[in-house]
Amino acid sequence: QVRLVESGGGLVQAGGSLRLSCAASGYIFSINAMGWYRQAPGKERELVAAIDSSSGNTNYADSVKGRFTISRDNAKNTVYLQMNSLKPEDTAVYYCNAGVLPARAMAGRLSGYWGQGTQVTVSS
């Protein structure tokens with residue numbers, strides 16, 4: 001099993017920034033990629049960004065390209081999501097994810113392990 005612990009969510013004004021962190025522990029050897037999904041009330045969970053553990057290849061939702069940056073520190077088994085120029089439509093619960101899918105294949109698919117979710121609220 002893999003445990004994912006998130007931190008960094010909160011309330012910010014539009015145009016502000018937040019940095020989310022997700023630390024993975026447990027049996028992580030089979031993990032090929034980690035990423036962030038988000039889910040707003042009444043909406044489906046969607047991939048925000050993902051990164052391959054080995055290659056560092058990334059995959060971003062079109063809505064966040066140029067604003068969000070995903071990175072990882074393999075030594076710490078931690079993935080980060082730097083969120084800049086936040087918009088009210090970014091408001092959602094953000095979930096860390098880890099699994100065997102490569103980053104390029106994660107969009108539209110829900111699999112692997114999940115964090116507990118952290119609320120990000122962006123006020124206008």
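This tour moves through a predicted model, stop by stop, with a selection to make at each one.

**Stop 1. The main nonpolar core**

Begin by selecting Met34, Trp36, Leu81, Met83 and Tyr94. Within the largest nonpolar core, which has 28 residues, these five touch the most other members. Next, colour the strands that contribute to this core. At least two of its residues come from each of β1 (2–7), β3 (18–26), β4 (33–39), β5 (46–52), β7 (68–73), β8 (78–83), β9 (92–99) and β11 (118–123). In soluble globular proteins, nonpolar side chains tend to be buried together.

Now centre the view on Met34 and display what surrounds this residue. With neighbours up to four places away in sequence left aside, the contacts of Met34 include Leu4, Cys22, Ala24, Ala50 and Ile51. Further contacts of Met34 are Ile70, Val79, Cys96, Asn97, Ala98 and Met106.

**Stop 2. A strand residue in β5**

Select Ala49, which lies in strand β5. Is Ala49 buried or exposed? Its relative accessible area is 0%, so Ala49 is buried. Show its contacts, again without the neighbours within four places in sequence: Gly35, Trp36, Asn59, Tyr60, Ile70 and Leu81. For a distance across the model, add Val120. Ala49 and Val120 are 71 residues apart along the chain, and 15 Å separates their C-alpha atoms.

**Stop 3. The disulfide**

Select the cysteines Cys22 and Cys96. How many disulfides does a search of the whole structure find? The search returns 1. The bond joins Cys22 and Cys96, with 2.0 Å between the sulfur atoms. Turn the view along the S-S bond: the angle about this bond is -85°, and the link of Cys22 and Cys96 is left-handed. Distant parts of the chain are linked here, as Cys22 sits in strand β3 and Cys96 in strand β9, 74 residues apart.

Display the surface to see how the two ends are placed. Cys22 has 0% relative accessibility and therefore counts as buried. Cys96 likewise counts as buried, because its relative accessibility is 0%.

**Stop 4. The cavity**

Rolling a probe the size of a water molecule over the atoms shows where empty space is left. In this structure, a search finds 1 cavity of 30 Å³ or more. The space in the largest cavity amounts to about 30 Å³. To find the site, select the lining residues Asn97, Gly99, Val100, Leu101, Met106 and Ser111. Which classes of residue make up this lining? It has 3 nonpolar and 3 polar residues, and no charged ones.

**Stop 5. The loop between β5 and β6**

Move to Ser54, in the loop between β5 and β6. The relative accessible area of Ser54 is 74%, so this residue is exposed. Beyond its neighbours within four places in sequence, Ser54 is in contact with Asn32 and Arg72. Adding Gly16 gives another distance to check: Ser54 and Gly16 are 38 residues apart in sequence, and 31 Å apart from C-alpha to C-alpha.

Continue to Asn57, which is in the loop between β5 and β6 (58–60). Asn57 is partly exposed, because its relative accessible area is 47%. Not counting residues up to four places away in sequence, Asn57 touches Ala50, Ile51, Asp52 and Ala103. A distance can also be drawn from Asn57 to Tyr94: the C-alpha atoms are 21 Å apart in space, and the residues are 37 apart in sequence.

**Stop 6. Two positive phi values**

Most residues other than glycine have a negative phi, and most peptide bonds are trans. Open the backbone torsions and select Asn77, in the loop between β7 and β8. Asn77 is not a glycine, yet its phi is positive, at about 50°. With a relative accessible area of 29%, Asn77 is partly exposed.

Finish at Ser85, placed in the loop between β8 and β9. Ser85 is a residue other than glycine with a positive phi, near 50°. Its relative accessibility is 40%, so Ser85 counts as partly exposed.

How values were computed. Residues are numbered from 1 along each chain as its sequence is written. This is a predicted model: local features need pLDDT of at least 70, side-chain atom pairs count only at pLDDT 80 or more; totals for chains, interfaces and linings use all residues. Side-chain values use heavy atoms; hydrogens and water are left out. A nonpolar core is a set of buried Ala, Val, Leu, Ile, Met, Phe, Trp, Tyr and Cys residues joined through side-chain atoms within 4.5 Å. Buried means under 20% relative accessible area, exposed over 50%, partly exposed in between (1.4 Å probe, protein chains only). Helices (H or I, at least four residues) and strands (E, at least two) are DSSP runs, numbered from the N terminus. Contact means heavy atoms within 4.5 Å. A disulfide is a pair of cysteine sulfur atoms within 2.5 Å. On a 1 Å grid over the protein atoms alone, a cavity is a set of points where a 1.4 Å probe fits but cannot get out, and a pocket is an open set with protein on both sides within 12 Å along at least five of seven lines; lining residues have an atom within 4 Å of a point. Grid points are joined across faces, edges and corners, and a volume is the space filled by probe spheres set on the points. Ala, Val, Leu, Ile, Met, Phe, Trp, Tyr, Cys and Pro count as nonpolar, Asp, Glu, Lys and Arg as charged, and the others, Gly among them, as polar.
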